[in-house]
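The exercises below concern the structure shown here. Each task sentence is followed by a worked solution.

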Amino acid sequence: MPRLRFVHAADLHLDSPFVGVQAVAPDNVSSALRDATFSAYENIIDLCIEEQVDALLVAGDVYDSADRSLRAQLKFVEGLKRLDQAGIRSFVCHGNHDPLDGWEARLEYPPSCTRFGREVQSVPVFEDDPRRGVVHGISYATGEVSDNLAQRLGEGDPDAFSIGMVHANVDSDTVHDNYAPCSLEDLVRSGMDYWALGHVHRRQVLSERSPTVVYPGNPQGRHPNEPGARGVYLVEVDDDGDVSLDFRSMDCVRWERAAVDISRLVGEQGLIDGIHQRIDEALNGANGVPVVLRISLVGTGSLHGSLQQPDLLEHVMEVVNVEWAKRGQFAWCERIVDRTTAPFNRDDRIDGSDFMAEVLRTADRAKEDTDMLARLQDGLSDLYQHHLYRKHLTDHVPGGDELSTMIDEAEAILVNRLDQDEGA
């Protein structure tokens with residue numbers, strides 16, 4: 001019998017909307033998207049009960065906003081009560097999206113649930129055997145926390161398996177707000193055996209042992225920048241304190257990105273067939289989970305000119321979605337992006353002296369120059385936080401590979417426009 005078994009989850013974002021998709025999707029797709037975060041949470045509760053774990057740890061951002069919906073609160077407490085009936089403890093801390101000063105309905109939480117407050121608490125998983133496991137946690141008092149909460153948790157108990165639970169940004173991850181910042185070195189020096197982290201939505205194991213430091217990511221992707229399988233970690237601790245991690249996907253709808261190369265496609269029917277093939281491949285790789293796709297058309301070919309026809313891509317998307325949306329394991333194409341280029345030799349054009357050459361060279365510099373990338377990200381940050389535009393954008397500013405992809409997209413748009421002007 002293992003010393004301790006628990007599920008580490010974070011960033012449930014219950015009742016988070018799928019912006020821009022539900023309004024145009026058919027009823028079955030819209031319903032699945034509307035309920036996706038709740039369904040993923042139910043999957044987590046089911047997993048805990050089926051695996052007969054000792055506890056569920058939720059490391060912040062249970063809800064999507066401080067003004068959390070009543071529906072979300074009722075669903076969350078209902079799941080915790082199911083755990084209580086199965087003899088499973090639950091430990092919850094709150095993060096920047098669901099701070100303690102947000103609105104809260106007067107609901108009765110089960111006695112087996114520990115909700116951490118604005119001061120550090122240390123709570124044993126087993127009251128009759130506290131050395132088997134102790135959870136040290138703290139919640140956000142307000143939505144913006146600049147203190148190093150990990151350091152405030154103090155040192156782990158050397159006589160017990162010590163778990164630190166906090167919603168934090170380790171080593172200043174640029175994709176997420178730098179709330180409760182700390183360093184990996186802070187966590188290593190703490191004496192904790194396991195760090196149950198939340199806040200970063202990308203699944204990461206920052207350290208496998210001494211201590212084990214884990215971001216499980218969010219269990220349900222909410223937009224194209226959260227692609228791939230999403231879920232939780234099933235954690236098992238043996239008698240020697242060694243930790244084993246088992247990732248389990250919990251998502252009910254999966255976001256994916258797919259590229260279709262037009263280089264060898266002939267005509268509009270060839271384009272539609274190529275998109276159908278990519279959707280089929282995405283569904284086959286999703287283990288029975290429905291998929292929402294963003295498809296990029298890439299490459300150079302004769303189809304490039306046809307793609308400039310007004311509304312062509314919207315019509316293609318309608319044709320594709322009629323076919324795939326009606327299936328049990330549905331697929332929904334939420335956007336088709338044209339990144340194709342007119343037939344031209346980039347290597348030859350970049351060595352020229354015209355404006356096209358300068359555009360190509362600037363795009364290359366932008367992806368390689370760290371100062372230029374930083375300026376671009378600062379400019380995007382202003383845009384993403386603008387009161388008129390932020391509701392239409394994702395909740396993080398693109399960086400790294402995402403920013404490089406945006407530069408490529410911008411180059412493709414400019415090349416297409418310049419090519420059209422040259423043709424005219």
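## Exercise 1: Unusual backbone geometry

Task: State where Pro 211 lies, and describe the peptide bond that leads to it.

Solution. Pro 211 is found in the loop between β11 and β12 (212–215). The model is a predicted one. The bond from Ser 210 to Pro 211 is cis, its omega being near 0°. This deserves notice because most peptide bonds are trans. The strands on either side, β11 and β12, form a hairpin with four residues between them. Within that turn, Ser 210 has a positive phi of about 55°. The two strands pair in the antiparallel sense over three bridges, and Ser 207 has Val 213 in β12 as its bridge partner.

A further residue belongs to this topic. Asp 61 has a positive phi of about 55° although it is not a glycine. Asp 61 is located in the loop between β2 (55–59) and α3 (70–85).

## Exercise 2: The chain as a whole

Task: Decide how compact the chain is for its 424 residues.

Solution. The first step is the inventory: the secondary structure of the chain comes to 12 helices and 17 strands. The next step is the radius of gyration, which is 24 Å, close to the 22 Å that the globule rule gives for 424 residues, so the chain is as compact as a globular protein of that length. Along the principal axes, the C-alpha atoms fill a box of roughly 80 × 50 × 40 Å.

## Exercise 3: A sheet of six strands

Task: Give the strand order of the open sheet with mixed pairing, and identify its edges.

Solution. The six strands of this open sheet follow the order β5-β6-β7-β10-β12-β11, and the pairing is mixed. At the edges stand β5 (121–124) and β11 (204–207), each with a single partner strand, so one side of each is left without a neighbour in the sheet. Neighbouring strands of the sheet are turned by 20° against each other on average, direction ignored.

One edge can then be examined further. β5 pairs with strand β6 (residues 134–137) in the antiparallel sense over four bridges. Val 123 stands opposite Val 135 in β6.

## Exercise 4: A sheet of three strands and its helices

Task: Describe the open sheet of three strands, and then state which strands α6 and α8 touch.

Solution. The order of the sheet is β15-β16-β17, with parallel pairing. Its edge strands are β15 (254–261) and β17 (331–338), each of which pairs on one side only. On average, neighbouring strands are turned by 25° against each other, direction ignored. Strand β16 (residues 291–298) and β17 pair in the parallel sense over seven bridges, and Leu 297 stands opposite Asp 338 in β17.

The helices come next. α6 packs on the sheet and touches β15, β16 and β17; the direction of α6 makes about 140° with that of β16. α8 also packs on the sheet, touching β16 and β17, and the direction of α8 makes about 160° with that of β17.

The last step considers the two helices together. Helix α6 (residues 267–284) and helix α8 (residues 312–324) pack at an angle of about 45°, with their axes 11 Å apart. That angle makes α6 oblique to α8. α6 passes α8 in a right-handed crossing. Residues in α6 that meet α8 include Leu 271, Ile 275 and Ile 279, while those in α8 include Val 316, Val 320 and Trp 324. By class, this contact of α6 with α8 has 10 nonpolar, one polar and three charged residues.

## Exercise 5: Two further helix pairs

Task: Classify the packing of α2 with α3 and of α10 with α11 by angle.

Solution. Helix α2 (residues 36–51) and α3 pack at an angle of about 10°, with their axes 10 Å apart. Angles under 35 degrees count as roughly parallel, which makes α2 roughly parallel to α3. Among the contact residues are Phe 38, Tyr 41 and Ile 45 of α2 and Phe 76, Leu 80 and Leu 83 of α3. The residues of the contact of α2 with α3 divide into nine nonpolar, one polar and six charged.

For the other pair, the axes of helix α10 (residues 355–368) and helix α11 (residues 370–384) come within 5 Å and cross at roughly 90°. α10 and α11 are therefore roughly perpendicular to each other. Their contact involves residues including Thr 362 and Ala 366 of α10, and Leu 373 and Leu 376 of α11. This contact of α10 with α11 has four nonpolar, two polar and three charged residues.

Key
Residues are numbered from 1 along each chain as its sequence is written. This is a predicted model: local features need pLDDT of at least 70, side-chain atom pairs count only at pLDDT 80 or more; totals for chains, interfaces and linings use all residues. Side-chain values use heavy atoms; hydrogens and water are left out. Axes are lines fitted to C-alpha atoms, for helices over the stretch in contact, and angles run from 0 to 180 degrees between N-to-C directions. Angles under 35 degrees count as roughly parallel, over 145 as roughly antiparallel, 65 to 115 as roughly perpendicular and the rest as oblique. A crossing is left-handed if the near helix is turned anticlockwise from the far one by less than a right angle, and right-handed if clockwise. Contact means heavy atoms within 4.5 Å. Ala, Val, Leu, Ile, Met, Phe, Trp, Tyr, Cys and Pro count as nonpolar, Asp, Glu, Lys and Arg as charged, and the others, Gly among them, as polar. Two strands pair if DSSP finds at least two bridges between them. The radius of gyration is taken over C-alpha atoms; the globule rule is 2.2 Å times the number of residues to the power 0.38.
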